[in-house]
Amino acid sequence: MYFAIDDTDSRQGMCTTYVGLKVILKLNELGYDIIGYPRLVRLNPNIPWKTRGNGSVVIRFGFGQGRQIKIGEYNGQDIFGKPRERKKEKTKELEIEDILRDIERYFVLDDRNTNPGAVLTSKKLPEWLYWEGVRDVVSVQEIENVLEQHEAKYKKYKLGRGIIGASCGIAWRAKRKTYELLTYLPEEKFSEARWVDAESVKKMDKQIPSTFDNYDYENNYTAIMPNSRTPVLFGIRGTMPEELIKAKDIVKSTSYEAYLIYETNQGSDDHLKRRKIREIREYTSAIVHGNVTSAPKRLRGGHVIFTIADSTGEIECAAYEPTKKFRDVISKLEIGDEVVVYGGVRKEPLTINIEKINIIKAPPVLKKVSNPVCPLCGRKMESIGRGKGYRCRKCGTRASEADAQYTKIERNIEGFYEVPVIARRHLARPLKIIKN
Ligand code: ATP
């Protein structure tokens, strides 16, 4: 059986992964085993109505078999999952309300933008639904049709938009996955100040190389700590779940009551699809191969904008101010450079918000060092106008642009670059993982 939930929190508080913890405790109480790790499935990062990271929570449960795996702790008690499900025992009589009762109190229903949805199904939902959810915009109606075809039970609160994330999350096949260990404060401390020691985070980052996006050294930013006061104290991402348990013990922080390890599609680049410029639409993400057609401009506010073109069209690309030093390399691009740009598409104007760039060819450029010398009288010639050539002021002899003296400047910028940790999206695959 799969139970999934989404859109339960608001910018002011709570967190769907915390609801996930409560659901796991509830399912254990009802006598079920958790199968594998719970899942935190990130969906289309360009959806305008997301709260923060557009993440949904999926829990597989039933009657398990195989050696227990530790998936977390609550109040000093271990929480376990079993790797496989025993098919014989039926869980079908379970109603969605049996799970949701006592859980609803963690939904922020008074926020206008919070529209929870929960799905309970014994049949796995089709994989295409995941790809639509992570790359495109899906409607509640489309989801309800699929759920009805699969005889799934579901519950919508208010607009019930959460059933979109919940269903697309169930449809994820975990082909490219990482893990995140999340720690949770006790309920009475949710709105209180908390601390995580930055030096211990750097230590953990160095000692456990299978973790990623822990600390932004360039901008002195502790990335494992959420910006808002939610139940989450910190979250450590990595490729090896057992290593995450060691990693959390290195971090010094306010004390917490529980932790949970989620299997996730974070760091997968699943949102990105190779597209021709003509095919690019708002709220999707793209990988585009093209050539720079206008030199980077730094706008007021610090954003750096340039355009690229392929055989089908031209599009604007942006490295926004929060991408900090990443903008320096972008500023070095020249017209004609060959690049592959990775990023999400903003609506107005249609712009690729760059997450990563592969600069394939940035050939040396010629920079003029001086005007040509008149072959007749040996004097420096003067420019007639931009691109129009030169003339000797004394004897009137003419020369072309090519007659000036140039020096070749090597650019040395070819290769992959990514935005710093502080500006990184959950789904973006860090170069640290790509290179390993
Ligand atoms: P948090 O990360 O704090 O848990 P969130 O960023 O996941 O919050 P939600 O509150 O879950 O934000 O809001 C995202 C909403 O968008 C959900 O209702 C979800 O069902 C919906 N949604 C997710 N993916 C898509 C999609 N591809 N098309 C349309 N709606 C989507």
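This passage describes a small set of strands and two buried residues in a predicted model.

An open sheet is formed by three strands, arranged in the order 24-25-26 with antiparallel pairing. Strand 24 (382–385) and strand 26 (398–399) occupy the edges of this sheet; each has a single partner strand, so one side of each is left without a neighbour in the sheet. Strand 25 (residues 389–391) runs antiparallel to strand 26 and is joined to strand 26 by two bridges. Within this pairing, Y390 has A399 of strand 26 as its bridge partner.

T351 belongs to strand 22, which comprises residues 351–361. The relative accessible area of T351 is 2%, and T351 is therefore classed as buried, the limit for this class being under 20%. The side chain of T351 makes a polar contact of 3.4 Å with the side chain of E316. In addition, a polar atom of the T351 side chain is placed 2.7 Å from the backbone oxygen of P349. When neighbours within four places in sequence are set aside, the residues in contact with T351 are E316, C317, A318, Y320, G344, V345 and R346.

D310 is located in strand 19 (residues 304–310). Although D310 is buried, it has no salt bridge. The nearest side chain of opposite charge is that of K276, at 4.6 Å, whereas a salt bridge requires the relevant atoms to be within 4 Å. Polar atoms of the D310 side chain are instead found 3.0 Å from the backbone nitrogen of I277 and 2.8 Å from the backbone nitrogen of T312. Apart from residues up to four places away in sequence, D310 touches K276, I277, V288 and H289.

Conventions: Residues are numbered from 1 along each chain as its sequence is written. This is a predicted model: local features need pLDDT of at least 70, side-chain atom pairs count only at pLDDT 80 or more; totals for chains, interfaces and linings use all residues. Side-chain values use heavy atoms; hydrogens and water are left out. Two strands pair if DSSP finds at least two bridges between them. Helices (H or I, at least four residues) and strands (E, at least two) are DSSP runs, numbered from the N terminus. Buried means under 20% relative accessible area, exposed over 50%, partly exposed in between (1.4 Å probe, protein chains only). A polar contact is a pair of N or O atoms within 3.5 Å; within protein, one must be able to donate a hydrogen and the other to accept it, and residues adjacent in sequence count only if both atoms are side-chain atoms. Contact means heavy atoms within 4.5 Å. Lys and Arg count as positive and Asp and Glu as negative; His and the chain ends are not counted.
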